[in-house]
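Student: I am new to this structure. Can we go through it in short steps?
Tutor: Yes. Keep the picture open and ask as we go.

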Amino acid sequence: MSAAQTTDAPLLEIEDLSIGFDSDGGPIAITDHVNLVLRPGEILGLAGESGCGKTVTALSILRLLPSPGGRILGGRILFQGRDILSLPDAELRAVRGAAISMIFQEPSAALNPLLSIRTQLLEVFDYHPFDGDPEARIRELLARVGFPDPDRLLSSYPHQLSGGMLQRVMIAMALLLRPAIIIADEPTTALDVTVQAQIMDLLTELQRESGVSALLITHNLGLIAQYADRIAVMYAGRVVEESTVERFLENPLHPYSQGLLAALPDPGQEGRRLQPIAGQVPQPKNYESGCRFRARCAQAFEPCVGQPELASVAGDDGRRVACFLHAAAGARS
């Protein structure tokens, strides 16, 4: 878990963010009134099954939704108090890659196969002012991410590197301009377990050294448990629980959160059967009204036909959950 000191003042605030994609019948909402807060120096883990809306939420922060097709249906994204969604293009370019950088899910797809690593790293400085020597900065970071021979690496092309090496290049690229925020979208996808640990240890070590904030997007709760300070759980386009990682692991409140943890293997309980969550995440065009998890929830009851709001938990500062079970616990006990 991050050892960085955090403050209460938000660095990034996502307020009531709804994202949609065009269809013949009009826009289909992918996310619905998402609210997230990222504070200076912390790692926020954004968790949930594939298709829950994690990646499109991250892409919207830098206004990188596919176009035409993807669009913001409502809400605000405040970075240091300014709404990114209303920034002119010139000011947005100053934010992308400099103040907020992103490590994409597939480094082999994010890098240009026709350009050398040197060309692609130097290209960052073509679009942003930098007080210093770009070559020296590149070599410094390549050494920090574990490349003892930067000249050989810089003359290589993406297809000549392994998945772990490509991800290290992406980490170096993300840190070149000393950003305030790094968005890491499934940074260990398709890597073996040993390389996963190396990449995450490297990323969090650099995060602590630089004080950068990080949004870690993953379906792997083990990574969040080990490396994040707080967790937000998404389901079917909505945030259903937000908590410190420690409190979440001790006592998850939302039935979906409970299901995610119950489905994890526990080396300390030999012979324990995993408990999968029945059903699957619905497609956006098939989202139900009310609680979107109720069709898969063994604890669903009458109020769940309504939509639960993400609300603070009494007596548990900083924790929020969107579930009628919690709201009605006192009445049903």
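Student: Which helices and strands each supply at least two residues of the lining of the largest pocket?
Tutor: Bear in mind that this is a predicted model. The largest pocket has a volume of about 640 Å³. One strand and two helices reach the mark of at least two lining residues: β6, α4 (117-127) and α7.

Student: Which element gives the largest share of the lining of the largest pocket?
Tutor: The lining has 21 residues, and R96, G97, V124, H128 and M173 lie nearest the centre of the pocket. By class, 13 of the lining residues are nonpolar, five polar and three charged. The largest share is four residues, and they come from α4.

Student: Where does helix α7 lie, and at what angle to β6?
Tutor: Helix α7 covers residues 163-175. This helix lies across β6 and β7. Its direction relative to β6 is about 175 degrees.

Student: What is the strand order of the sheet that holds β6?
Tutor: That sheet is open and has eight strands, with mixed pairing. Its edge strands are β6 (100-103) and β11 (311-313), each pairing on one side only. From one strand to the next, the twist averages 20 degrees. Read across, the order is β6-β7-β8-β3-β9-β10-β12-β11.

Student: Which residue in the turn between β9 and β10 has a positive phi?
Tutor: Strand β9 (residues 230-235) runs antiparallel to β10, and six bridges join them. In one of the pairs, M234 has V239 of β10 as its bridge partner. The two strands form a hairpin with two residues between them. The positive phi, about 50 degrees, belongs to A236.

Student: Is β10 mostly covered or mostly open, and how many of its residues are buried?
Tutor: Strand β10 spans residues 238-244. Buried here means under 20% relative accessible area. The strand is mostly covered, and the buried count is six of its seven residues.

Student: Which residue of β12 stands opposite E242?
Tutor: Strand β12 (residues 316-321) is antiparallel to β10, joined by two bridges. E241 has V321 of β12 as its bridge partner. Opposite E242 stands R320.

Student: What is the volume of the largest cavity?
Tutor: Rolling a probe the size of a water molecule over the atoms shows where empty space is left. Here there are four cavities of 30 Å³ or more. The lining of the largest cavity includes Y235, R238, V240 and H254. The volume of this largest cavity is about 80 Å³.

Student: How many residues of each class line the largest cavity?
Tutor: Further lining residues include G290, C291, R292, F293, P308 and A322. Sorted by class, the lining comes to six nonpolar, two polar and two charged residues.

Student: Why is one side of β2 and of β5 left without a neighbour in the sheet?
Tutor: These strands belong to an open sheet of four strands, in the order β2-β1-β4-β5, with antiparallel pairing. β2 (28-38) and β5 (82-83) are at the edges of this sheet. One side of each is left without a neighbour because each has a single partner strand.

Student: Which residue of β5 stands opposite F79?
Tutor: Strand β4 covers residues 70-79. β4 and β5 pair in the antiparallel sense, over two bridges. The residue opposite F79 is R82.

Student: At what angle does α1 run to β1?
Tutor: Helix α1 (residues 54-61) packs on the four-stranded sheet. There the helix touches β1 (12-21), β2 and β4. Its direction makes an angle with that of β1 of about 115 degrees.

Student: Which strands of the other sheet does α1 lie across?
Tutor: The angle to β8 (213-218) is about 150 degrees. The strands crossed are β3 (43-47), β6, β7 (181-185), β8 and β9.

Student: Which residue of β4 is the bridge partner of G20?
Tutor: β1 and β4 run antiparallel and pair over eight bridges. In β4, the partner of G20 is R71.

Student: Which residue takes a positive phi in the hairpin of β1 and β2?
Tutor: β1 and β2 are antiparallel and pair over seven bridges. In one of the pairs, L17 stands opposite V34 of β2. Six residues lie between the strands. The positive phi, near 110 degrees, is that of G26.

Technical notes
Residues are numbered from 1 along each chain as its sequence is written. This is a predicted model: local features need pLDDT of at least 70, side-chain atom pairs count only at pLDDT 80 or more; totals for chains, interfaces and linings use all residues. Side-chain values use heavy atoms; hydrogens and water are left out. Two strands pair if DSSP finds at least two bridges between them. Contact means heavy atoms within 4.5 Å. Axes are lines fitted to C-alpha atoms, for helices over the stretch in contact, and angles run from 0 to 180 degrees between N-to-C directions. On a 1 Å grid over the protein atoms alone, a cavity is a set of points where a 1.4 Å probe fits but cannot get out, and a pocket is an open set with protein on both sides within 12 Å along at least five of seven lines; lining residues have an atom within 4 Å of a point. Grid points are joined across faces, edges and corners, and a volume is the space filled by probe spheres set on the points. Ala, Val, Leu, Ile, Met, Phe, Trp, Tyr, Cys and Pro count as nonpolar, Asp, Glu, Lys and Arg as charged, and the others, Gly among them, as polar. Buried means under 20% relative accessible area, exposed over 50%, partly exposed in between (1.4 Å probe, protein chains only).
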